[in-house]
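Me: Please take a close look at a single part of this structure. I would like confidence, packing and burial treated together.

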Amino acid sequence: MKFDDENIRSLLTPRCSVKTSPGFSQKVMAEIETMASRQIRIFGWSLPRRAASIAAISLLAMCAVAAIAVFNYDTKVEEPTTVSIPDSIPLPPQPELPLLPLKYSDATLATILDDVADRYGCTVNYADSSKRDIRLHITIGNEATLKEAIEIINQFDNISVTLSDNIITVK
Amino acid sequence: MKTRQQRLVKAEQIILENQDYLFRVAYFRVGSRAEAEDIVQSAFVRFWEKSPVLDDDLDIRLYLYRIVFNMCADYGRKKTAKRCSMTDAEDITDTADNDRELQAEYQRITTLLSQLPLSQRQVIEMHITDGLTFAEISRTLHLPETTLKSRYKTGINNLRTKINKDEI
């Protein structure tokens, strides 16, 4: 025998009655009625009565909040707080940076002497301004005095630098 | 708003209309009268709890079906599937005389369906045994109707092939 769709459908359909036990609906109804009566006890108040109770509770809560706010306002007077700010705040001591040697490669005399004047606190005066643009390769050690620095610069033939009253003069 | 009495009358009417259908749905999934009746009863109680907030145009039968369907799935997860084989089915203790025929039918149908993959078996079961339309199955399983129809067709073909093979 070949099974077609209808045969299969009938094969999968129960051939006997499939029913709940007698009294099943009464049992379910009894449980539902028990639940309903329990709900009545909890929510048995009429709608206006429920609304009135909610309003009363809300009013009480608002009164309580207001009372707490008033009490706090009366009793808790905040003292003004003053914050003193010092006129100057001392900075921590800065470590002194070691002086670096003045090292130049193809720099103009003007550049070199400006740096020398800055380091040693003197001024530069050019008797011959054409000397400003002479280019030099030179290194002045970090421990050299102003006098030693002048001597190093004077080593070049075409440059004559003198120091007098803290003024460097280029001739 | 309905009064309590009106709600109870309506609930009783719904119970009488749907109890046997839901019992059949549950029984062919759990294989035990006591368990199936417990599930159906719980479904009606849950429905009662939810009924004040449910829409008036709700499909009550499908709503109840879904509750039972999900509860059976939970039952299946909690207990190792009783309905998968004849050996397991023998353990079921529903031996009352009036249930013997029902038990035999349960064993026959579950044995047939157990030859199929779960996805195909589920659709066939819902369509043939539970009597749901594909649209209703789609709403319950959240799957497209075309997928369900395809699974159903494949499942029926597989079943027919197996049965015809066994017959030869």
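Reply: Helix α4 (residues 86-89) of chain B has the lowest mean pLDDT among the elements of that chain, at 46, and helix α7 (residues 134-141) of chain B the highest, at 92. Here pLDDT is the predictor's confidence in each residue, from 0 to 100; helices (H or I, at least four residues) and strands (E, at least two) are DSSP runs, numbered from the N terminus. This is a predicted model, in which local features need pLDDT of at least 70 and side-chain atom pairs count only at pLDDT 80 or more, while totals for chains, interfaces and linings use all residues. Residues are numbered from 1 along each chain as its sequence is written, chains are lettered from A and ligands numbered from 1 in the order in which they are written, and side-chain values use heavy atoms, with hydrogens and water left out.

Over chain B the mean pLDDT is 83, with 86% of its residues at 70 or more. Residues 81-95 of chain B stay under 50, and the model has 30 contacts for them beyond four places in sequence (contact means heavy atoms within 4.5 Å). The model scores are ipTM 0.73 and pTM 0.55.

Chain B has eight helices and zero strands. Of its 168 residues, 48% count as buried (under 20% relative accessible area; exposed is over 50%, partly exposed in between, with a 1.4 Å probe and protein chains only). Among contacts in chain B between residues at least 6 apart in sequence, 65% join residues at least 24 apart.

Helix α1 (residues 4-30) of chain B crosses α2(B) at roughly 145°, the axes coming within 8 Å (axes are lines fitted to C-alpha atoms, for helices over the stretch in contact, and angles run from 0 to 180 degrees between N-to-C directions). This crossing is right-handed, meaning that the near helix is turned clockwise from the far one by less than a right angle; anticlockwise would be left-handed. The residues of this contact comprise 15 nonpolar, two polar and four charged. Ala, Val, Leu, Ile, Met, Phe, Trp, Tyr, Cys and Pro count as nonpolar, Asp, Glu, Lys and Arg as charged, and the others, Gly among them, as polar.

Helix α2 (residues 33-50) of chain B also packs on helix α3 (residues 60-78) of chain B, at about 130° and with the axes 9 Å apart. The pair α2(B) and α3(B) is therefore oblique. The crossing of α2(B) and α3(B) is right-handed. From α2(B) the contact includes Ile39(B), Phe44(B) and Phe47(B), and from α3(B) it includes Leu64(B), Ile67(B) and Met71(B). Twelve nonpolar, one polar and three charged residues make up this contact.

Further along, helix α6 (residues 118-129) of chain B is mostly covered, with nine of its twelve residues buried. Among them are Arg121(B), Glu125(B) and Ile124(B). The C-alpha atom of Ile124(B) is 7.6 Å from that of Ile156(B), 32 residues away along the chain. Ile156(B) belongs to helix α8 (residues 145-167) of chain B and counts as buried because its relative accessibility is 4%.

Just after α6(B), Gly131(B) takes a positive phi of about 70°. Gly131(B) is also one of the contacts of Glu136(B), along with Asp59(B), Arg61(B) and Leu62(B), neighbours within four places in sequence left aside. Glu136(B) lies in α7(B) and, at 12% relative accessibility, counts as buried.

Methods. Parallel < 35°, antiparallel > 145°, perpendicular 65-115°, else oblique.
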